Amino acid sequence: MALTERIGRPEPEEPDQPRGRGRKIARYAVPVAVAGVAAATITLVPALADAGTPSLPKITAQQLLTKIAASHTRTLDGTVKVSTDLGLPDALSGGAADGLLSGAGQGGGSGSGSSAAPQTQLVQLLAGTHQLHVSVDGPDRQKVSVIEPTAEYSVIHNGTQLWAYDSASNQAYHATLPAADGADGAGTDGAAGVPTTPQAAAEQVLAAARGTASITVDGTARVAGRSAYELVVTPEHADRTTVGSVRIAVDSGTGVPLKFTLLPKGGGKAVFDIGFTKVGFGRPAASTFAFSAPKGAEVTEGKASGASGGSGSGTLSALAAPTVLGTGWDSIAVIDTGAGTAATRGSGGQGGADAQSLLDSYGTKVTGSFGTGTVFHTRLVNVLLTDKGTLYAGAVTQSALTQAAVDGAK
């Protein structure tokens, strides 16, 4: 029988655990930010699950949450399959989507013109299916490679050094990151970017779900050759959010999330699903994180800054930090794009103009006491751009966005 509980705080850690670590869900996202509000919201496929259902001891939802939070697994090497289906029009499923997602970030970006920059390349994970190779050695060393049939794109974080290399164009991107503040040894929070491991995705959702969702222990599964418990997280009071439920497969031995699946409230296939197809928890060789630009490669030097909130130090600043309205599932990111519509923006604000052009082509016009605007719908994230150049985005309904715009106009 399924056990359902309201998410609360995990049980206290044992006294001999390092302070601050036992209560933190393991973080493995590469410390880069991907341009675009949707990328910050989707925190948002499937790994190939092995045949057979393992028999495991019964466990409550609270006990499993505690197991995740207390996990001390800091090293891994594995293959990850990522699939995203936002229901975008074909014209926006490729590079054209970058215009919509990055348009709002003009004026707050890192200023890199390199096609190898993470905020340019990793946006591709917002559509289609991709295979990644992920290596992690604690909070200071990670490598993620996007494997394509004829090329490879890699992001390597080694201490304060961040490199990205695109083999197709022989271009490299380099930035020196600020030193981690040492608060919890993390410094690898991917909240501003596309999660590249099930752990990163699970961390974002469980943080948002605390106190606002029910969680169910719903059987077991075998993922990447390992036995796992299945969690189902369901938003409470879901009248504003577009999230239906989230399923997380948690390794029974280590407490590490192995697979993450997000289903929309409207039903149908998963919007976002990420999981290991192969994984080991040994320490990768030090040479994995060593990188120097190949001879003849074009190298662009970028700027990096620590993200606000402490745990995101080492994150590239891809766009100006948004204002966040609300908490949990129905939070809404608000960004002033610095440009209104053609009638209000004058001669500046090309980023907002590009976003408005795309929204005009595929969006729906709306009016209200906030003025006029355009709403762009996906299966999870909805976006409203007002005629004054303010962009509202979140995994929320259209009415929630327009109400936020009304409140913002007061």
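This is a guided tour of a predicted model, moving from the whole protein to individual residues that can be selected in turn.

**The whole protein**

Begin with everything displayed: the protein has 410 residues, of which buried residues make up 54%, and its secondary structure comes to eight helices and 19 strands. If you draw the surface, the exposed area is about 16,600 Å², with carbon and sulfur atoms supplying 51% of it.

**The nonpolar cores**

Next, select Val246 and Phe260, which touch the most other members within the largest nonpolar core, a set of 62 residues. Apart from that core lies another one of 13 residues, and to find it you can select Val366, Tyr392, Val396 and Val406, which are among its members. As background, nonpolar side chains in soluble globular proteins tend to be buried together.

**Helix α2**

Now select residues 61-69, which form helix α2; seven of its nine residues are buried, so the helix is largely enclosed by the rest of the structure. The buried positions to highlight are Ala61, Gln62, Leu64, Leu65, Thr66, Ile68 and Ala69.

**Strand β4 and serine 145**

Move on to strand β4, residues 141-147, and pick out serine 145 within it. Serine 145 is buried, with a relative accessible area of 4%, and its side chain takes part in polar contacts that are worth displaying as distances. One of them, at 2.6 Å, joins it to the side chain of serine 154, and another, at 3.3 Å, runs to the side chain of glutamate 152. To see the surroundings of serine 145 beyond its neighbours within four places in sequence, show Gln131, Leu132, His133, Glu152, Tyr153 and Ser154, with which it is in contact.

**Two loop residues with positive phi**

From here, go to the loop between β6 (161-166) and β7 (171-176), where asparagine 170 is found. Its phi is positive, at about 55 degrees, although the residue is not a glycine, and at 24% relative accessibility asparagine 170 counts as partly exposed. For context, most residues other than glycine have a negative phi.

Then select alanine 224, in the loop between β8 (213-223) and β9, where phi is again positive in a residue other than glycine, with a value near 55 degrees. Is alanine 224 buried or exposed? Its relative accessibility is 14%, and because the cut-off for a buried residue is under 20%, alanine 224 counts as buried.

**Strand β9 and serine 227**

Following that loop into strand β9, which spans residues 226-235, you come to serine 227. Serine 227 is buried, with a relative accessible area of 18%, and a polar contact of 2.7 Å joins its side chain to that of serine 252. When residues up to four places away in sequence are set aside, serine 227 touches Pro54, Leu56, Ala221, Arg222, Val250, Asp251 and Ser252, and displaying these together shows its environment.

**Strands β16, β17 and β18**

Now select residues 364-368 and 371-377, which are strands β16 and β17, paired in the antiparallel sense over five bridges. A hairpin of two residues joins β16 to β17, and in this pairing threonine 367 stands opposite threonine 372. Continue from β17 to β18, which also pair in the antiparallel sense over five bridges; here the hairpin runs through four residues, and glycine 373 stands opposite threonine 386 in β18.

**Helix α8 and alanine 400**

Finish with helix α8, residues 398-409, whose 12 residues reach 17 Å from the first C-alpha to the last, close to the 16 Å expected at 1.5 Å a residue. Within α8, highlight Ala400, Leu401, Thr402, Ala404, Ala405 and Val406, which are buried. Which strands do the buried residues of α8 pack against? They pack against β14 (323-325), β15 (332-336), β18 (382-386) and β19 (390-394), so it helps to show these strands together with the helix.

For a last selection, take alanine 400 in helix α8, which counts as buried at 2% relative accessibility. Apart from neighbours within four places in sequence, alanine 400 is in contact with Arg240 and Ile332. A distance drawn between the C-alpha atoms of alanine 400 and aspartate 330 gives 8.2 Å, for two residues that are 70 residues apart along the chain.

Notes: Residues numbered from 1 in each chain as written. Predicted model: local features only at pLDDT ≥ 70, side-chain atom pairs only at ≥ 80, totals over all residues. Heavy atoms only, no water. Core = buried A, V, L, I, M, F, W, Y, C linked by side-chain atoms within 4.5 Å. Buried < 20%, exposed > 50% of the residue type's maximum accessible area, 1.4 Å probe, protein only. Areas by Shrake-Rupley, 256 points an atom, 1.4 Å probe, with all protein chains shown as cover. Polar contact = N/O pair within 3.5 Å; in protein donor to acceptor, adjacent residues only side chain to side chain. Contact = heavy atoms within 4.5 Å. Expected span 1.5 Å × (residues − 1). Pairing = 2+ DSSP bridges.
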